[in-house]
Amino acid sequence: MDDPKRLEPIIKLAEQKKSDAGRRLASARDRQTTDQQQLNQLQEFLAEYSVRFEQAAGAGMNAQQLRDYRIFLSNIDNAIAQKKQDSVRADRKVEESRHDWLEKHQRTEALIGAHEHMVRQQVAQRARREQKETDDRVGAVGVKEPYLRN
């Protein structure tokens, strides 16, 4: 019978890897949240400045102001496109990190289950051995009695 204690350092290492994967997942989720918040902010800026542009254009603007506004709105559009790409990458990273953590979690749980199974087997084997020793002692006493009666 294998000694369950041999698995303990392996379980400890697996738990550490699972914990590290959990921290990476939390970090990826934080990045995902930040990217989404920044994207929402940029979209709000675009909407707000688009309204201001329409109002200013309706009130009259010179060519330089018109060009500056358009460049500004174009820059916001570019920032939104970049942030959308960042957001997609962050979503992918969260999914990869979640998958990695899940793998580590399942491996850790399997090792813990194997350890518990080995412990139960060891306890059962010890109980059987003790029962056999008890039975042998009782049997030995029973064998001596017939000789005493003769």
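In the predicted model, the side chains of Asp136 and Lys132 are joined by a salt bridge, with an N to O distance of 3.2 Å. Both residues belong to helix 2, where a spacing of 4 residues places them about one turn of the helix apart. Lys132 has a relative accessible area of 52% and is classed as exposed, because the cut-off for that class is over 50%. Asp136, at 44% relative accessibility, counts as partly exposed.

A second pair in helix 2 (residues 63-149) is formed by Asp100 and Lys104, again 4 residues apart and separated by about one turn of the helix. The closest N and O atoms of this salt bridge lie 2.9 Å apart. Lys104 is partly exposed, its relative accessible area being 23%; the value falls in this class because buried residues are those under 20%.

Helix 1 (residues 8-59) contains a pair with the spacing of about one helical turn, Arg52 and Glu48, which are 4 residues apart. Their side chains form a salt bridge with an N to O distance of 2.9 Å. Arg52 has a relative accessible area of 39% and is partly exposed. Glu48 is likewise partly exposed, at 36% relative accessibility. In general, side chains of opposite charge can pair when their charged atoms come close.

Salt bridges also link residues into a network, whose members are Arg31, Asp35, Lys83, Asp86 and Arg89. One of these members, Asp35, is also in contact with Ser87, as is Gln36, when the neighbours of Ser87 within four places in sequence are left aside. Ser87 is located in helix 2. With a relative accessible area of 6%, Ser87 is buried, because this value is under the 20% cut-off. The burial of Ser87 may be set beside the partly exposed state of Lys104 and the exposed state of Lys132, each of these lysines being placed in helix 2.

The count of salt bridges in the model comes to 11. Among them are the pairs Asp136 and Lys132, Asp100 and Lys104, and Arg52 and Glu48, together with those that link the network of Arg31, Asp35, Lys83, Asp86 and Arg89.

Definitions and conventions
Residues numbered from 1 in each chain as written. Predicted model: local features only at pLDDT ≥ 70, side-chain atom pairs only at ≥ 80, totals over all residues. Heavy atoms only, no water. Salt bridge = Lys/Arg side-chain N within 4 Å of Asp/Glu carboxyl O. Helix = DSSP H or I, 4+ residues; strand = E, 2+ residues; numbered from the N terminus. Buried < 20%, exposed > 50% of the residue type's maximum accessible area, 1.4 Å probe, protein only. Contact = heavy atoms within 4.5 Å.
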